[in-house]
Amino acid sequence: MKQVKVGIIGFGFMGTTHFRIHQANPKSKIVAIADADAAKRSGDIRKVHGNIGGGVNDHLDLTGIRVYKDGLDLINDPEVEEVDICAPTYLHAAFAIAALKAGKHVLLEKPAALTVKDVKAIVAEAEKSGKCFTVGLCVRAWPEYRKAFELFKAGKIGKIRSALFKRFSPNIDGDAWKNWFMKDENSGGALLDLHMHDIDEVLYFCGKPRAVTTVGTWYKTGIPDHSFTIYHFDDDKAVAAEGGWSAPRCAGFEMSFQLIGEKGTIVSNPSGLWFYPVKGEAEKLELKVGDKPTGWHVEIDNFLSACLGKSSDEKYLPHKDIVDGACIYEAERKSLDNKGKTVTVRYR
Ligand SMILES: NC(=O)c1ccc[n+]([C@@H]2O[C@H](COP(=O)([O-])OP(=O)(O)OC[C@H]3O[C@@H](n4cnc5c(N)ncnc54)[C@H](O)[C@@H]3O)[C@@H](O)[C@H]2O)c1
């Protein structure tokens, strides 16, 4: 079978997660990794921590894989066909644009970048390059969300009357490389880093909000750490999302949602995925995940298929949604900074 030759930049929580998934997928062959940290370059990942999933262990075998300190050297490695960027967010734009200019396919972790200007520049470069490109907004591909979207599109709940999305994470202070998440200029705090997934779900299920109202709390390092947003639409839908990493360390990670439609309701919570018809009995929906238990597996598998010319890189995430999501985030951040003033989203 033809394989895509993959290089991963950033070998922390997400890079090692992508590494394992790529390694288990017959469509890919990892030929290089790059990381700024010498221990991780030797496969020692004892300092890697994350807030969800992952199966973190102590050591990964890098035999036969070229190892770089600088991501730009990996990009210039002629054998690398796909660059998988799992570096801290403030480095995304520079690495993504360099990789696309070098003629590589690019899988870029979310959030694409810190500003709308940078996100637009990356997407424009991707369109110009003709190479495959996507952003790791993996929740669209996560089993519960995928199933709910299929049912919604098939008309099972009818028109959405209201929707609620939630992402609840324990505090991550001290987890990442040089604690980079805790600086606003590096990560945008929980509003951008964590809640971006639910901005994308709002867009996916409900379309483009006209305006947003966001209130929230701030962590001691000056970053947003928990927020509540109301999305204003031109029709009479009521849509809201909550997200943050303000919970104590001992709390578990939770993502959940509810979609209330004219013909029925879908709820995903720790007890499972449920369909409640307007008339009839509650139904627990079974998910057949096979060897792809997470959205990361599905997203990476689809991206490899796209690189091999077998599917579209926009199957789960149209490129235009990457830019629209960044514009919604920008309005939410403005609203939060202004203590909950309603802000019109400036799509561009
Ligand atoms: N899709 C998801 O579910 C999800 C989950 C967690 C994180 N993320 C995203 O993944 C990205 C990485 O986050 P993380 O949690 O893995 O962080 P992390 O700190 O665990 O890993 C980042 C790695 O990048 C390395 N690095 C730093 N500068 C570098 C450089 N110039 N060149 C090469 N390597 C460099 C660090 O040494 C570190 O190993 C972020 O953008 C984050 O938002 C996505």
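Domain bounds, as used here, come from an automatic or database domain assignment. Domain 1 (4–137 + 297–314) and domain 2 (139–290 + 324–344) both contribute residues to the shell around the ligand, so the ligand lies between them. This is a predicted model, in which local features need pLDDT of at least 70 and side-chain atom pairs count only at pLDDT 80 or more, while totals for chains, interfaces and linings use all residues. Residues are numbered from 1 along each chain as its sequence is written.

**Ligand shell**
- A residue is near the ligand if its C-beta atom, placed from the backbone, lies within 6 Å of it, and of the 28 residues around the ligand, G10, G12, M14, A176 and W177 come nearest.
- Helix α1 (residues 13–24) supplies the largest share of this shell, three residues, where helices are DSSP runs (H or I, at least four residues) and strands are runs of E of at least two, numbered from the N terminus.
- The shell divides into 15 nonpolar, seven polar and six charged residues, with Ala, Val, Leu, Ile, Met, Phe, Trp, Tyr, Cys and Pro counted as nonpolar, Asp, Glu, Lys and Arg as charged, and the others, Gly among them, as polar.

**Helix α6**
- The buried residues of helix α6 (residues 143–153) are P143, E144, Y145, A148 and F152, buried meaning that 20 or more other C-beta atoms, placed from the backbone, lie within 10 Å of the residue's own.
- Among the elements covering these buried residues are α9, β11 (254–261), β12 (264–269) and β13 (272–277), with contact taken as C-beta atoms, placed from the backbone, within 7 Å.
- G155, whose phi is positive, near 90°, follows α6.

Key. Buried ≥ 20, exposed ≤ 12 C-beta atoms within 10 Å, placed from the backbone. Contact = placed C-beta atoms within 7 Å.
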